[in-house]
Amino acid sequence: MSGKRHIRPAAGRDPLNTESHGAAAQLSAMAGGIAHDLNTVITTIYGYSEQALETLEQDAETVQYIRRIIAAADRAKTLAGQLLSLSHRVAEEKVPVRVADVLADTIDFIRPSVPSGIRIIRNLSAPDASVMAVPAQLFRILLNLILNAAQAIGEKEGTITVTLEAPVNEEGERTEENGTCLLIRISDTGKGMDSGTAGKIFDPFFTSGKKSGTGLGLTVVSDAVRELGGKIRVSSVRDKGTTFELLIPDTFFGSLNEKN
Amino acid sequence: MAGVMIVEDDAALREMLRDSLEKRKYTVITAADGREALAKFRPSVVDLVVTDLLMPEEDGLMVIMKIKEIKPSTRLIAISGGGMAGPGSYLLMASKLGADHVFSKPFLPSELVQKVKELLG
């Protein structure tokens, strides 16, 4: 059993390192790690129980004992689920999150899986900008969009450009007149879409003919962005590429409003 | 008979899955992490890989990606209990990288065996 995960939850390639998110996140990671290892053990119990049942006559007394072992494993599964749920509840609290940090985590996580012909360029004009978000939720939004961008390029050479901007006035200051949202833009030089397809991509179960996937990815992204009080929009040109833009309220203005 | 590789860092689960598949007459090769899996992978022997995702050395996502490069026809099943980013993130990545099916732990091994049978036709 891989107990090391209990102590160092970020030791593998878990992208949301606990250190930057405080004690609650560490507790959440620990609970999640224990639930993970427990679920692995339960799978083994199920497996040997099933094998034992296959080798016994149906009326054997031992069959009843094994059914009770499976029932006990079911209860353990429920407990592990509750632990995981606790872990997610703690992890699902909104906190001020530096977008650039989550972007860096996401790109580090994805980079080894993206074909070498694809360049990922970061263009962060507002590196300290933050939003109120659940870090894992923002991570999942960016993960989906950057993976889609990589898939749109495929095995060809291409570029994904990730931009983070906070609108400023001519003096370089942030003011409400210039907008209170941060702009995250993810552009790719992939195959693009026609306007009919682009108009449907946020619909549940819509797929553009891919072999894999449920067709829920962008619906989930769209819902998650709305949950952050933001908006998402897409523009695309066939054979040129696609751009997703996320507008998410900036905590800078949240704190100003609180002071007023 | 078809060959199956199991990549899982938990020894008890790894051996249980080996037992389950060998009983169905599959030739089974096991590995405790991604690095060992890639070292042991033989295209002529392995038709399907069952891989955990979070592992200490090379992880399961890397295994999926590299095996798809070495032998694109290899069928792949990802199993994961998830980490702090949640099982959805890892299983989503696995699907996008080409896993034919994913199981979130805990699962019934009989269902995995059935899926292996389906994928190997």
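Q: A residue is buried if 20 or more other C-beta atoms, placed from the backbone, lie within 10 Å of its own, exposed if 12 or fewer, and partly exposed in between. Which side chains along β5(A) point to one face and are buried?
A: This is a predicted model, in which local features need pLDDT of at least 70, side-chain atom pairs count only at pLDDT 80 or more, and totals for chains, interfaces and linings use all residues. Residues are numbered from 1 along each chain as its sequence is written, and chains are lettered from A and ligands numbered from 1 in the order in which they are written. Side chains alternate along β5(A): Cys181(A), Leu183(A), Arg185(A) and Ser187(A) point to one face and are not buried. Pointing to the other face, and buried, are Leu182(A), Ile184(A), Ile186(A) and Asp188(A).

Q: In what order do the five strands of the open sheet in chain A stand?
A: Strands (E, at least two residues) and helices (H or I, at least four) are DSSP runs, numbered from the N terminus. Two strands pair if DSSP finds at least two bridges between them. In this sheet of chain A the pairing is mixed. The order is β2-β4-β5-β7-β6.

Q: Which strands of chain A stand at the edges of that sheet?
A: An edge strand here has a single partner strand, so one side of it is left without a neighbour in the sheet. From one strand to the next, the twist averages 10°. The edges are β2 (118-124) and β6 (231-237) of chain A.

Q: Which residue is the bridge partner of Leu164(A) in β5(A)?
A: β4 (residues 158-165) and β5 (residues 181-188) of chain A run antiparallel and share six bridges. One bridge sets Thr161(A) against Ser187(A). For Leu164(A), the partner in β5(A) is Ile184(A).

Q: Which residue in β7(A) stands opposite Ser187(A)?
A: β5(A) also pairs with β7(A). That pairing is antiparallel, with eight bridges. Opposite Ser187(A) stands Thr243(A).

Q: Is Val162(A) buried or exposed?
A: Val162(A) sits in strand β4 of chain A. Its C-alpha atom is 6.6 Å from that of Ser187(A), although 25 residues separate the two along the chain. Val162(A) has 22 C-beta neighbours inside 10 Å, so it counts as buried.

Q: With which residues is Val162(A) in contact, leaving aside its neighbours within four places in sequence?
A: Two residues are in contact if their C-beta atoms, placed from the backbone, lie within 7 Å. On that basis, Val162(A) touches Leu103(A), Ile120(A), Arg122(A), Asn123(A) and Ile186(A).

Q: At about what angle does helix α5 of chain A run to β5(A)?
A: Axes are lines fitted to C-alpha atoms, for helices over the stretch in contact, and angles run from 0 to 180 degrees between N-to-C directions. Helix α5 (residues 135-153) of chain A lies across β2, β4, β5 and β7 (241-249) of chain A. To β5(A), the helix runs at about 20°.

Q: How is α4(A) placed relative to α5(A), by class of angle?
A: Angles under 35 degrees count as roughly parallel, over 145 as roughly antiparallel, 65 to 115 as roughly perpendicular and the rest as oblique. The axes of α4 (residues 99-110) of chain A and α5(A) come within 9 Å and cross at roughly 50°. That makes α4(A), relative to α5(A), oblique.

Q: What pattern does chain B follow along the sequence?
A: Chain B holds five helices and five strands. Of its 121 residues, 55% count as buried. Read along the sequence, the pattern is β-α-β-α-β-α-β-α-β-α.

Q: In what order do the five strands of the open sheet in chain B stand?
A: The pairing in this sheet is parallel. β2 (27-31) and β5 (101-104) of chain B stand at the edges. Neighbouring strands are turned by 15° against each other on average, direction ignored. The order is β2-β1-β3-β4-β5.

Q: Which residue in β4(B) is the bridge partner of Thr51(B)?
A: β3 (residues 48-52) and β4 (residues 75-80) of chain B run parallel, joined by five bridges. In β4(B), the partner of Thr51(B) is Ala78(B).

Q: Which residues in α5(B) do Met16(B), Leu17(B), Ser20(B) and Leu21(B) meet?
A: Helices α1 (residues 11-23) and α5 (residues 109-120) of chain B pack at about 50°, with axes 10 Å apart. The four residues named lie in α1(B). They meet Pro109(B), Val113(B) and Val116(B).
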